[in-house]
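Colleague: Could you take me through one part of this structure closely, beginning with a single surface position and then moving on to the contacts and the pocket that deserve attention? A connected account would serve me better than a list.

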Amino acid sequence: MKTATIPSVRVEPDFRAEVESVLAEGETLSEFVEASVRASVERRRVQAEFIARGLRSRDEARRTGDYVDADVVLQGLQRKLDAARASLAKKRK
């Protein structure tokens, strides 16, 4: 399979210097750019899947009428947070 290129991007010299300053030992600018693009593609794919699951869940809740009130969810989360904080405080003593 042949490889393809990603278009070059013009940036200010200061920004290029900043990018080059964070390269890992032996890492090239091209490797950094490729890794960054791959990470962005993956992040967007995961985000799109998350949104799709949320929309399906919303549609199912509308179809069945099976909802949980937001206040109930928040109260449950607050109880868990309070318990975790209390547990952590006991461990510190």
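Modeller: Valine 72 is partly exposed, because its relative accessible area is 48%, a value that falls between the 20% limit for buried residues and the 50% limit for exposed ones. Please bear in mind that the model is predicted and that the values here are computed from it. The position of valine 72 is within helix α3, which covers residues 70-92. On the surface, valine 72 belongs to a nonpolar patch together with Val68, Val73, Leu74 and Leu77. The accessible area of these residues, taken together, is about 460 Å². Membership of such a patch requires a relative accessible area of over 30%, so the 48% of valine 72 satisfies that condition.

Aspartate 69 is located in the loop between α2 and α3. Its relative accessibility is 48%, so aspartate 69 also counts as partly exposed. As for its place in the overall fold, 49 residues along the chain separate aspartate 69 from glutamate 20, and their C-alpha atoms are 50 Å apart.

I turn next to the charged contacts. Six salt bridges are found in the structure as a whole. One of them joins arginine 58 to aspartate 59, with 2.9 Å between the closest N and O atoms. Both partners are partly exposed: arginine 58 has a relative accessibility of 36%, and aspartate 59 has a relative accessible area of 39%. Elsewhere, salt bridges with shared partners link Glu42, Arg45 and Glu49 into one network.

Arginine 45 is the shared partner in that network, since it forms salt bridges with glutamate 42 and with glutamate 49. In the pair with glutamate 42, the closest N and O atoms are 2.4 Å apart; in the pair with glutamate 49, the corresponding separation is 2.5 Å. The spacing along helix α2 suits both pairs to a description in helical turns. Arginine 45 and glutamate 42 are three residues apart in helix α2, and therefore about one helical turn separates them. Arginine 45 and glutamate 49 also lie in helix α2, four residues apart, which is about one turn of the helix. Arginine 45 is partly exposed at 39% relative accessible area. Glutamate 42, at 37% relative accessibility, counts as partly exposed, and glutamate 49 is likewise partly exposed at 37%.

Helix α2 also has a part in the largest pocket. The volume of this pocket is about 540 Å³. Its lining consists of 15 residues, and those nearest its centre are Ser8, Val9, Val11, Leu29 and Val33. Two elements, α1 (13-21) and α2 (29-64), each supply two or more residues to this lining. Of the contributors, α2 gives the most, with seven residues. By residue class, the lining of the largest pocket comprises ten nonpolar residues, two polar and three charged. Helix α2 thus holds the network partners arginine 45 and glutamate 49 and also contributes seven residues to the lining of the largest pocket.

Conventions:
Residues are numbered from 1 along each chain as its sequence is written. This is a predicted model: local features need pLDDT of at least 70, side-chain atom pairs count only at pLDDT 80 or more; totals for chains, interfaces and linings use all residues. Side-chain values use heavy atoms; hydrogens and water are left out. On a 1 Å grid over the protein atoms alone, a cavity is a set of points where a 1.4 Å probe fits but cannot get out, and a pocket is an open set with protein on both sides within 12 Å along at least five of seven lines; lining residues have an atom within 4 Å of a point. Grid points are joined across faces, edges and corners, and a volume is the space filled by probe spheres set on the points. Ala, Val, Leu, Ile, Met, Phe, Trp, Tyr, Cys and Pro count as nonpolar, Asp, Glu, Lys and Arg as charged, and the others, Gly among them, as polar. Patches are made of residues with over 30% relative accessible area and no salt bridge: like charges are joined within 9 Å, nonpolar side chains (Val, Leu, Ile, Met, Phe, Trp, Tyr) within 5 Å. Accessible areas come from the Shrake-Rupley method with a 1.4 Å probe; for residues, only the protein chains shown count as cover. A salt bridge is a side-chain nitrogen of Lys or Arg within 4 Å of a carboxyl oxygen of Asp or Glu. Buried means under 20% relative accessible area, exposed over 50%, partly exposed in between (1.4 Å probe, protein chains only).
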